[in-house]
Amino acid sequence: MKTLTWNVSWVNPYESGWSIIEKIKYANLISSRDLHREFDLKNLVSVIGYDILEQSKQNLTRLTGMFSNTDYNHYLIRSDLTYCEKCLCMGHHSLFHQFSLLHQCPFHLCDLRNNCSKCGQQITFNYVNYKILEGFRCNCSEFINDMNIKSVSDWQLHLPIKDELLLKWLEIDIPLARNMFKNDFFYFPHLIKEAGSMQLILNYYGFKS
Ligand SMILES: [Zn+2]
Ligand SMILES: [Zn+2]
């Protein structure tokens, strides 16, 4: 089996699977198509020593597992790649950026963006596309956002979460909340458009627990 330039310490907490794949592509100057050709997911997991799918599932549960209705994830996780320009220029994208109840980067408190900074097109958020492009590039072949990576050793970031509400959200007792919310209905098509929805749900959780 082929090897890859990779260090598991490059993965940051709550980093998205998309981001990890783009890092692998970037560090190895390899396209998704070639990566897929050389490694199936099982091989890739053993080569990089990190279970992308399992970790993504755990992160997703931490963010949305309090709602037993998994249909909500359709609204709670944005389908277009949504990113923070300050994070992405360092080669980092977080599942937090895809989480529809957050409207700012929880690390930088700046607005999120959901289109290519060069051509303006939106990019589907998925873990693997089969294009011939290398890491962090849009279909237009340019970098989605200007990159400022001096060395891949910079990839181990220690970004503290500055968003107080998100910190509270991550403290929610998932099994408890899941049980409390099981008969409740949340109209997420509306909630995700309102900036105060995370606070609203946290208040409701506090009220019920
Ligand atoms: Zn950021
Ligand atoms: Zn583009």
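A residue counts as buried if 20 or more other C-beta atoms lie within 10 Å of its own, as exposed if there are 12 or fewer, and as partly exposed in between. The exercises below apply this to a predicted model.

**Exercise 1. Describe the overall make-up of the protein chain, from its helices and strands to its dimensions and its share of buried residues.**

Begin with the secondary structure: the protein chain holds eleven helices and zero strands, so that, read along the sequence, its pattern is α-α-α-α-α-α-α-α-α-α-α. Next take the radius of gyration, which is 18 Å and close to the 17 Å that the globule rule gives for 209 residues, so the chain is as compact as a globular protein of that length. Along its principal axes, the C-alpha trace spans about 50 × 35 × 30 Å. Then apply the definition of burial, by which 29% of the 209 residues count as buried. Finally, consider the contacts between residues at least 6 apart in sequence, of which 70% join residues at least 24 apart.

**Exercise 2. Work out which residues of helix H4 are buried, and how they are arranged around its axis.**

Helix H4 runs over residues 52-64, and its 13 residues reach 18 Å from the first C-alpha to the last, close to the 18 Å expected at 1.5 Å a residue. The buried residues in H4 are Ile 52, Asn 59, Leu 63 and Thr 64. Seen down the helix axis, these buried residues fall within an arc of 110 degrees, so they line one face of H4. The face turned away from that buried side carries the exposed residues Glu 54 and Thr 61. As a last step, ask what covers the buried residues: the cover includes H1, H3, H5 and helix H7 (95-98).

**Exercise 3. Identify the residues that touch the most other members of the largest nonpolar core, and the elements that give two or more residues to this core.**

The general expectation is that nonpolar side chains tend to be buried together in soluble globular proteins. In this model the largest nonpolar core has 24 residues, and those touching the most other members are Ile 20, Ile 24, Tyr 83, Cys 84, Cys 87 and Leu 88. Two or more residues come from each of H1, helix H3 (41-48) and helix H6 (85-88), and H1 gives the most, with five residues. To look more closely at Cys 84, leave aside its neighbours within four places in sequence; Cys 84 is then in contact with His 97, Cys 105, His 108, Cys 110 and Leu 112. Apart from the largest core lies another, of twelve residues, which includes Leu 63, Leu 95, Phe 96 and Leu 101.

**Exercise 4. Compare the settings of Tyr 14 and Leu 29, and decide whether each is buried or exposed.**

Most residues other than glycine have a negative phi. Tyr 14 has a positive value, near 65 degrees, and Leu 29, which is not a glycine either, has a positive phi of about 45 degrees. Tyr 14 is placed in the segment before helix H1 (17-28), whereas Leu 29 is found in the loop between H1 and helix H2 (32-38). Now count neighbours: Tyr 14 has 23 C-beta neighbours inside 10 Å and therefore counts as buried, while Leu 29, with 10 other C-beta atoms within 10 Å, is exposed.

**Exercise 5. Trace the surroundings of Met 180 and Ser 209, and find what each of them contacts.**

Met 180 lies in helix H9 (residues 174-180) and is partly exposed, because 16 other C-beta atoms lie within 10 Å. Not counting residues up to four places away in sequence, Met 180 touches Lys 208 and Ser 209. Its C-alpha atom is separated by 8.7 Å from that of Met 66, although Met 180 and Met 66 are 114 residues apart along the chain.

Turn now to Ser 209, which is placed in the segment after helix H11 (197-208) and is exposed, with 10 other C-beta atoms within 10 Å. Once its neighbours within four places in sequence are left aside, Ser 209 is in contact with Leu 176 and Met 180. The C-alpha atoms of Ser 209 and Asp 173 are separated by 9.8 Å, with their positions 36 residues apart along the chain.

Methods. Residues are numbered from 1 along each chain as its sequence is written. Chains are lettered from A and ligands numbered from 1 in the order in which they are written. This is a predicted model: local features need pLDDT of at least 70, side-chain atom pairs count only at pLDDT 80 or more; totals for chains, interfaces and linings use all residues. Helices (H or I, at least four residues) and strands (E, at least two) are DSSP runs, numbered from the N terminus. A nonpolar core is a set of buried Ala, Val, Leu, Ile, Met, Phe, Trp, Tyr and Cys residues joined through C-beta atoms within 7 Å. Two residues are in contact if their C-beta atoms, placed from the backbone, lie within 7 Å. The radius of gyration is taken over C-alpha atoms; the globule rule is 2.2 Å times the number of residues to the power 0.38. The expected span of a helix is 1.5 Å times one less than its number of residues. The arc is that of the directions from the helix axis to the C-beta atoms.
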